[in-house]
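Colleague: I have a few questions about this structure. Please put it on the screen, and then we can begin.

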Amino acid sequence: MTVRVRLQRRNYSTLALLIVVTLAIVAVAGVSRLMGPGATACSGVAEGAIVESQDFTPWESRRSHLPEYPINPSGSPLAPIPADSLVPNNTLDGLPLQWASVGGNGALVRYFWGVPLGPTVTAWNFWDGGGIELERSLVEGWAAADYASEIGERAQIVGVGSYEGVLTWADPGPNGGRPHHLSWSDGTYTYTLIAERSAARVVNLARGMVCG
Amino acid sequence: MSRHMRLAAVAGLLSALLVANAVYAGELSAGIKLATNLDGLLGRSDIRTDPATVTGIGYVHPMQIDIGGLGGDFLGIGTAKGVGVASCANDYDPLWTVYRDGELGGIYHCYDIAVDVYGVGGTPLFELRRTVCSNGNTRWVLYWNSVEKACLYSASASASAVSVVLETTGPGTTDRDIDVKYYNLYKNFTGSGTWYAFGNCDFSPPSYKADFYSLDGLSDYRCHLWLDPMA
C-alpha cells in the first residue's frame with residue numbers, strides 16, 4: 001500500500017515535471033527565439049514574457065552624446081509620402097503619422113505621435129512623449145545574427161513574421177527614458193521600430209505590421 | 001538573495017541614479033550639419049588647450065555621425081582625457097587618447113584606440129564613412145590618420161547629421177577654458193563618392209561661444225568650438 005502511494009506520487013511528480021518542462025520548452029521557443037526554423041512569428045507575445053538584461057549605461061556615464069537638435073526645425077508640415085504595406089493607413093498603435101524624413105537611397109523615417117511635431121521637438125522629447133519612430137533603410141545583405149553580434153549580449157533575436165529581428169532595450173536618455181529598438185529586414189529594406197513601450201508591445205507592433 | 005534584499009538593491013540603484021542625474025552637468029559645444037542622406041565625415045581636430053588638472057571628469061573632442069533618424073544611434077571617433085567610461089580607461093596624464101564610441105540599437109559602447117598619443121598642437125585626422133571595409137563588406141568604417149580602426153554593422157545605411165564636438169562629462173574645473181579647432185572638414189552624401197565642404201558650422205545649443213571663431217577666419221571647411229572659463 002505504501003509502495004503504491006509512493007509510486008502514484010512519483011507518477012504525479014513525473015507528470016508535473018513533464019508539464020513544467022513542456023511549458024518551458026514552449027516558452028523558450030516562443031519567447032527567447034520567438035520563431036522556429038521556417039515558422040512565422042505572428043502571434044502576440046504576453047507582457048513580461050520577454051526576459052531582458054537589466055544592464056545599462058547611465059546617461060552621465062557616456063563620453064560623448066549627440067547634440068540634441070529638433071527633428072523638424074522648420075516646423076514644416078508633413079509632405080505627402082507614398083504609403084506602404086507596413087503602415088497602409090499611416091496610423092501606428094493608434095497614433096497618426098505626424099512627420100517623415102525622406103532620404104537618399106530609399107531611406108525613410110516616419111514619426112507617429114498624438115500631437116504635431118513642432119519646431120523644437122528633439123528625438124528624446126518625441127520618444128519620452130510616447131511617439132513611435134519607424135526607420136527604413138536600404139542595407140544590402142542585412143542579417144539579424146550579425147547585427148546582434150555587433151551589439152553584444154544585450155541584443156535578442158526575435159521573430160517578426162517570417163523574418164528574424166534584433167530587439168534591444170536602449171540605455172537611458174537624458175530624462176531616464178529607455179526606448180526599445182527592434183530591427184528586421186524583409187530582404188530589400190531594413191526597418192527599425194523605436195518606442196518607449198514594453199518589449200512585448202514593440203514586438204507585437206512589429207508583428208502586426210508585418211503579418212497584417 | 002531575499003525578495004526584500006532585491007527590492008532594497010533596486011531602490012538603492014534608483015536612488016543612486018537619481019542622485020547621479022541630479023549632479024550631472026556636462027557641457028557640450030557642437031558644430032552640426034543636417035541632411036537626410038549623409039554617409040561620411042572627414043576632418044582634422046587641432047588640439048589647442050590642455051586642461052592640465054583634469055580630475056574626475058572627462059574632456060572629449062569627437063567627430064560624430066548620427067546614423068538613421070536624428071538622435072539615437074551614432075558613431076564617434078576622437079580624442080579624450082579624464083574619466084573613463086564603459087571599456088574606455090581613465091587617463092589623467094597630460095596626453096590625449098584616441099578613442100571611439102557610439103550607440104547601436106540604443107546601447108552605448110566606448111573603446112580606446114591609442115593611449116596618450118597627442119599633446120597640445122596635435123592634429124589627428126579622423127574619418128567616418130559608409131564604405132567597403134577591409135573584410136570586403138560594406139560597413140560604417142572609422143579611420144584614424146587614414147588607418148582603419150573599426151568596421152561596424154548597423155541597421156541604417158545613411159545618416160541624418162554629422163557633427164564636430166567639444167564636450168565635458170561633468171562640471172568643469174577652473175582651468176577648463178578649452179577650445180578645439182576642426183579644419184579640412186568635409187561631408188559625404190549617400191551614393192556620391194565625393195567629399196563636399198562641411199559648410200559654415202551650425203552651432204548646437206546650449207554651450208558655445210559663437211563669437212570666438214578660428215584665428216584663421218570663418219570658412220566652409222573649419223569649425224572652432226569653445227567652452228567658456230568657469231565664472
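Colleague: How much space lies in the second largest cavity?

Modeller: The second largest cavity holds about 110 Å³ (the space filled by probe spheres set on grid points joined across faces, edges and corners). A cavity here is a set of points on a 1 Å grid over the protein atoms alone where a 1.4 Å probe fits but cannot get out, and lining residues have an atom within 4 Å of a point. This is a predicted model: local features need pLDDT of at least 70, side-chain atom pairs count only at pLDDT 80 or more, and totals for chains, interfaces and linings use all residues. Residues are numbered from 1 along each chain as its sequence is written, chains are lettered from A and ligands numbered from 1 in the order in which they are written, and side-chain values use heavy atoms, with hydrogens and water left out.

Colleague: Which residues lie nearest the centre of the second largest cavity?

Modeller: Of its 18 lining residues, those nearest the centre are A:Ala107, A:Val109, B:Gly68, B:Gly69 and B:Ser158. Two or more lining residues come from each of strand 2 (95–102), strand 3 (108–112) and strand 4 (132–137) of chain A, and from strand 9 of chain B. Helices (H or I, at least four residues) and strands (E, at least two) are DSSP runs, numbered from the N terminus.

Colleague: Which element gives the most to that lining?

Modeller: Strand 4 of chain A does, with 3 residues. By class, the lining of the second largest cavity has 6 nonpolar, 10 polar and 2 charged residues. Ala, Val, Leu, Ile, Met, Phe, Trp, Tyr, Cys and Pro count as nonpolar, Asp, Glu, Lys and Arg as charged, and the others, Gly among them, as polar.

Colleague: How many cavities are there in the whole structure?

Modeller: The search finds 6 cavities of 30 Å³ or more. The largest has a volume of about 180 Å³. Its lining has 19 residues, and A:Leu66, A:Pro67, A:Trp124, B:Gly71 and B:Gly72 lie nearest its centre. Helix 2 (123–128) of chain A and strand 9 (159–168) of chain B are the elements that give two or more residues to this lining.

Colleague: And by class, how do the residues lining the largest cavity divide?

Modeller: They divide into 10 nonpolar, 5 polar and 4 charged.

Colleague: Turning to the interface, how many residues of each chain are in contact?

Modeller: Chain B brings 54 residues into contact (heavy atoms within 4.5 Å) with 47 residues of chain A. The buried area is about 3,900 Å², with carbon and sulfur atoms giving 58%; this is the accessible area (1.4 Å probe) lost on putting the two parts together, summed over both. In chain B, the residues that lose the most area to chain A are B:Ile107, B:Tyr153 and B:Ala155, together 18% of what that side buries.

Colleague: How many salt bridges are there between the chains?

Modeller: There are 2 between chain B and chain A (a side-chain nitrogen of Lys or Arg within 4 Å of a carboxyl oxygen of Asp or Glu). The search of the whole structure finds 7 over all chains. A:Arg62 pairs with B:Glu103, the closest N and O atoms being 2.6 Å apart. This pair crosses between chains, from the loop between helix 1 (2–32) and strand 1 (91–92) of chain A, where A:Arg62 sits, to strand 4 of chain B, which holds B:Glu103.

Notes: 1 Å grid on protein atoms, 1.4 Å probe; cavity = no way out; pocket = protein on both sides within 12 Å on 5 of 7 lines; lining within 4 Å.
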